[in-house]
Amino acid sequence: MTTSTAPVTTTGDPVLEATGVIMRFGGLTAVNNVDLTVNSGEIVGLIGPNGAGKTTFFNCLTGLYVPTEGTVKYKGTVLPPKPHLVTQAGIARTFQNIRLFANMTVLENVLVGRHSRTKEGLLSAVLRGPKYKRAEAESREKAMGLLEFAGLADKADHLARNLPYGEQRKLEIARALASEPGLLLLDEPTAGMNPQETRAAEELVFAIRDRGIAILVIEHDMRFIFNLCDRTAVLVQGQKIVEGDRETVQSDERVITAYLGAPLEGTAEAPAAADADADAIADAPADLPAEAAADPVEEADAEPAAEASTASATSTTGTEDEK
Ligand SMILES: Nc1ncnc2c1ncn2[C@@H]1O[C@H](COP(=O)(O)OP(=O)(O)OP(=O)(O)O)[C@@H](O)[C@H]1O
Ligand SMILES: [Mg+2]
């Protein structure tokens, strides 16, 4: 299969450079030789039918999986495939299945996200000296600032599990931002949101970009993708089949075919397809009013708020098997 790449306006230096990334699970090649670059100032979309390998690719970028082959560079330096080192380097992410500390408050969840940026050691924390107290006050101030930014400041003392679903997604973004990233990876940030929440999420993503943070976003909601992204890459059965601006993606026959479920060249099996996605690929108008931007596919993917994950306090980036 050939990959066509339209000329794209690049906005700055590469922040992320993934080269030849392959992820195999036994006989299944979930990510097949994918190259992808995100430049500073960009919002880049990653789309593809269910099971295309999008989340697996994110897991390779963030050290949750060690890619079978390929390299991932952040600002020119090859990243070791360890989640905490990736976070420390400057890449933060949210998860397709929300992972919050359900029994902690909203503010505490954001404070946990800051831990990769705080220097105070265990001894200092136990002794609670003036230096520790100063650092703690500063962290709280920054965390409150992020809650303000995400529109959650008035919920700071609420338990995370009591937030409505859309606000849990926003809280995950605020927590990711707490690690002061240069690149934010969002895995289906509007899944389960209503049209108004989706519209607000778009504005939040633009505001994050305006803070100088590059963004790579996976979504099934094509209107959201085409409203937001400078550039979009399409994964099908682990391969990047096209990358470019909205017109390039929408006019590519292979994209439509992939979403409609026809077999790809040289393969016997049709990709899992979502008809609603296929319609949206072809029809999605830019800057759609919020009321029209609903994506029925997302309703099916939504999880109830009560199912917010209770990830362990030492692993906010989760375990290998999870999305
Ligand atoms: N840990 C794993 N072990 C074995 N197979 C896996 C593992 N993780 C993912 N896969 C497989 O890799 C393929 C790609 O899955 P992935 O979750 O990356 O798709 P996706 O594009 O994110 O799909 P969706 O849009 O439904 O979220 C699927 O066939 C999936 O079953
Ligand atoms: Mg996924």
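## Threonine 68 and its surroundings

Once its neighbours within four places in sequence are set aside, threonine 68 is in contact with Ile22, Met23 and Arg24. In this predicted model, threonine 68 is found in the loop that runs between α1 and β5, the latter spanning 69-74. The C-alpha atom of threonine 68 is separated by 9.4 Å from that of valine 31, a residue 37 residues apart from it along the chain.

Is threonine 68 buried, exposed or partly exposed? Threonine 68 counts as partly exposed because it has 14 C-beta neighbours inside 10 Å, whereas a buried residue would need 20 or more and an exposed one would have 12 or fewer.

## The shell around ligand 1

Ligand 1 is surrounded by 14 residues, of which Phe25, Ala30, Lys54, Thr55 and Thr56 are the closest. Two elements, β3 (28-39) and α1 (54-61), each supply at least two residues of this shell, and α1 gives the most, with three residues. The helix α1 that contributes to the shell in this way also precedes the loop in which threonine 68 lies.

By character, the residues of the shell around ligand 1 comprise seven that are polar, four that are nonpolar and three that are charged.

## The chain as a whole

The chain contains twelve helices together with 13 strands, and 43% of its 323 residues count as buried. When contacts in the chain between residues at least 6 apart in sequence are considered, 72% of them join residues at least 24 apart.

Note on methods:
Residues are numbered from 1 along each chain as its sequence is written. Chains are lettered from A and ligands numbered from 1 in the order in which they are written. This is a predicted model: local features need pLDDT of at least 70, side-chain atom pairs count only at pLDDT 80 or more; totals for chains, interfaces and linings use all residues. Helices (H or I, at least four residues) and strands (E, at least two) are DSSP runs, numbered from the N terminus. Two residues are in contact if their C-beta atoms, placed from the backbone, lie within 7 Å. A residue is near a molecule or strand if its C-beta atom, placed from the backbone, lies within 6 Å of it. Ala, Val, Leu, Ile, Met, Phe, Trp, Tyr, Cys and Pro count as nonpolar, Asp, Glu, Lys and Arg as charged, and the others, Gly among them, as polar.
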